[in-house]
Amino acid sequence: MEDTYVLATQKRSRSDDVNGGDTAKKLAAAQGTADPAAALASARHEFGEHGGVNMSIEASATFTVMEPETMRRMFTGELGPDRDFFIYSRHFNPTVLNLSRMMAALEGTEAAYCTASGMSAISAVLLQLCSHGGHVVASRALYGGTHALLSHFLPRTCGISTSFVEVSDLDMVEAAIVEGKTKVLYFESVSNPTLYVANIPELCRVAHRKGVTVVVDNTFAPMVLSPARLGADVVVHSISKFISGGADIIAGAVCGPASLVNSMMDLQQGAIMLLGPTMNAKVAFELSERIPHLGLRMKEHCKRALVFARRLKSLGLKVIYPGLEEHPHHELLKSMHNKEYGYGGLLCIDMETEEKANRLMNHLQNHAQFGFMAVSLGYYETLMSCSGSSTSSELSPEEKALVGISPGLVRMSVGYIGTLEQKWAQLEKALSRLN
Ligand SMILES: Cc1ncc(COP(=O)(O)O)c(C=O)c1O
């Protein structure tokens with residue numbers, strides 16, 4: 001023990017999980033806290049090495065010990081990050097672990113760990129939960145990359161097969177589960193790009209009755225929805241989107257039970273440890289500075305998305321936004337969301353043909369300065385893309401038709417730069433030029 005006392009000026013308290021003792025207790029309390037901002041504020045604040053208000057960056061790939069025996073004990077798992085013993089940053093890194101604690105507080109899970117991208121978080125957790133020959137039941141309406149992972153990559157490389165279902169049809173979900181073989185039920189809380197809202201509590205009930213682990217991608221709705229507080233076992237994120245907010249970082253996270261996070265770091269069997277989608281400590285620090293204002297940003301994204309959706313609808317456009325009363329999942333979202341954060345920062349306009357969609361986006365970017373033609377979401381500028389030919393291009397034409405991705409569907413991540421009325425005037429101008 002002496003060696004770590006010398007090495008670590010900011011001693012952590014000891015506990016039996018990766019979140020640290022006092023944090024584990026606070027997190028347990030935070031799980032009962034409905035508001036993710038309140039949970040974040042009750043999580044432990046990390047100070048810097050010299051008393052700085054911000055945590056220090058542990059920019060080390062490797063960590064030294066004072067006694068050779070300590071190294072052996074770390075490798076047997078007897079001494080770990082819960083007691084401030086670190087081996088190597090592809091395993092736990094203190095700064096990444098601090099960011100991960102914030103992610104656990106945000107999502108109300110016992111633990112979390114951050115990864116190099118959203119896709120690596122998704123693939124690592126699926127590989128951890130499913131062995132060769134395993135089976136996944138997944139929503140049909142998924143981000144194109146996740147859809148490709150499940151329909152092409154995992155069957156070819158690992159013999160992991162997926163049955164795609166309509167998750168609003170609980171009977172269909174139940175019928176697709178093969179008891180003993182199905183390991184995971186996978187869906188997005190709010191789907192990309194169709195903005196379907198999943199009935200998280202009911203889907204969890206169906207899965208849990210059959211011993212299936214529920215993994216929810218909450219990339220589209222951080223703060224707005226808290227899937228783990230609604231019963232999900234694991235929440236994954238593409239941090240690259242709203243949580244980062246800067247469109248400058250690619251990152252991801254797996255939030256779930258400490259036993260899962262620890263298993264992903266196992267030296268013999270851990271998907272993060274052995275596949276190595278590691279987050280850099282400097283990136284973790286940058287992100288830790290952004291999470292405290294995620295709630296404020298989400299409120300503004302959501303507020304503007306709702307105003308624009310209502311006004312676009314009144315102009316006669318075909319708008320898809322779960323905050324609109326006629327959206328088929330509006331009442332469901334109302335029953336699940338964290339009230340202060342609204343209904344999400346994305347809306348879709350169905351222009352029916354790709355040609356019309358492209359003309360609209362061209363006017364919006366190049367004549368009205370309303371936003372940028374770009375994939376991704378959660379940026380302060382509005383980002384727009386035609387999903388069918390971009391982020392959902394991995395789906396076949398039949399699969400796109402089945403989930404309602406029309407060739408002219410324009411997905412808009414509504415930004416908060418400028419004033420609302422300034423941006424609305426630009427949007428109106430582009431629409432009038434189109435006509
Ligand atoms: C819903 C969703 N999940 C996961 C991902 C993948 O995340 P990343 O680009 O960070 O790997 C994306 C987007 O790219 C996404 O939209």
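**Exercise 1. Two helices that cross**

In which crossing, left-handed or right-handed, does α13 pass α17? Describe how these two helices pack.

*Solution.* Before we start, keep in mind that this is a predicted model.

Step 1. Two packed helices are described by the angle between their axes and the distance between the axes. Helix α13 covers residues 294-314 and helix α17 covers residues 420-434; their axes are 11 Å apart and meet at an angle of about 35°.

Step 2. Now look at the handedness: α13 passes α17 in a right-handed crossing.

Step 3. Find the residues that touch. From α13 come Arg304, Val307, Phe308 and Arg311, and from α17 come Leu420, Trp424 and Leu427.

Step 4. Sort these contact residues by character: five are nonpolar, none is polar and two are charged.

**Exercise 2. A closer look at Arg311**

Is Arg311 buried, partly exposed or exposed? Work out where it sits as well.

*Solution.* Step 1. Place the residue: Arg311 belongs to helix α13.

Step 2. Count its neighbours. Arg311 has 14 C-beta neighbours inside 10 Å, so it counts as partly exposed. A residue needs 20 or more to be buried and 12 or fewer to be exposed.

Step 3. Compare sequence and space. Arg311 and Glu428 are separated by 117 residues in sequence, while their C-alpha atoms are 9.6 Å apart.

**Exercise 3. A second helix pair**

Now try the same approach on α5 and α12. At what angle do they pack?

*Solution.* Step 1. Helix α5 (residues 94-107) and helix α12 (residues 281-288) pack at an angle of about 30°, and 8 Å separates their axes.

Step 2. The crossing of α5 over α12 is left-handed.

Step 3. On the α5 side, the contact involves Thr95, Val96, Asn98, Leu99 and Met102; on the α12 side, it involves Ala281, Ala284, Phe285, Leu287 and Ser288.

Step 4. Sorting this contact gives seven nonpolar residues, three polar ones and no charged ones.

**Exercise 4. The whole chain**

How many helices and strands does the chain have? Then check whether its overall dimensions fit a globule.

*Solution.* Step 1. The chain has 17 helices and twelve strands.

Step 2. Its C-alpha atoms fill a box of roughly 75 × 50 × 35 Å along the principal axes.

Step 3. A compact globule of 435 residues would have a radius of gyration near 22 Å, and because the chain has 22 Å, the two agree.

Step 4. Look at the inside: 52% of the 435 residues are buried.

Step 5. Look at the contacts. Among those with a separation of 6 or more, 72% join residues 24 or more positions apart.

**Exercise 5. Around the ligand**

Which residues come nearest to the ligand?

*Solution.* Step 1. There are 15 residues around the ligand, and Ser117, Gly118, Met119, Ser238 and Ser240 come nearest.

Step 2. The elements that give two or more residues to this shell are α6 (118-129) and α7 (144-158).

Step 3. By character, the shell divides into four nonpolar, nine polar and two charged residues.

**Exercise 6. Unusual backbone spots**

Where in the chain is there a cis peptide bond, and what is the phi of Ala247 and of Gln369?

*Solution.* Step 1. Start from the usual case: most residues other than glycine have a negative phi, and most peptide bonds are trans.

Step 2. The bond from Asn192 to Pro193 is cis, with omega near 0°. Pro193 lies in the loop between β4 (182-188) and α9 (200-209).

Step 3. Ala247 is not a glycine, yet its phi is positive, near 50°. The loop between β6 (234-238) and β7 (252-256) holds Ala247. Ala247 has 18 C-beta neighbours inside 10 Å, so it counts as partly exposed.

Step 4. Gln369 also has a positive phi, of about 55°, without being a glycine. Its place is the loop between α15 (354-366) and β10 (371-373). With 15 C-beta neighbours inside 10 Å, Gln369 is partly exposed.

**Exercise 7. Buried or exposed?**

Is Thr157 buried or exposed?

*Solution.* Step 1. Thr157 is part of helix α7.

Step 2. Thr157 has 11 other C-beta atoms within 10 Å, so it is exposed.

Step 3. Thr157 and His132 are 25 residues apart along the chain, with 9.1 Å between their C-alpha atoms.

Terms used: Residues are numbered from 1 along each chain as its sequence is written. This is a predicted model: local features need pLDDT of at least 70, side-chain atom pairs count only at pLDDT 80 or more; totals for chains, interfaces and linings use all residues. Axes are lines fitted to C-alpha atoms, for helices over the stretch in contact, and angles run from 0 to 180 degrees between N-to-C directions. Helices (H or I, at least four residues) and strands (E, at least two) are DSSP runs, numbered from the N terminus. A crossing is left-handed if the near helix is turned anticlockwise from the far one by less than a right angle, and right-handed if clockwise. Two residues are in contact if their C-beta atoms, placed from the backbone, lie within 7 Å. Ala, Val, Leu, Ile, Met, Phe, Trp, Tyr, Cys and Pro count as nonpolar, Asp, Glu, Lys and Arg as charged, and the others, Gly among them, as polar. The radius of gyration is taken over C-alpha atoms; the globule rule is 2.2 Å times the number of residues to the power 0.38. A residue is near a molecule or strand if its C-beta atom, placed from the backbone, lies within 6 Å of it.
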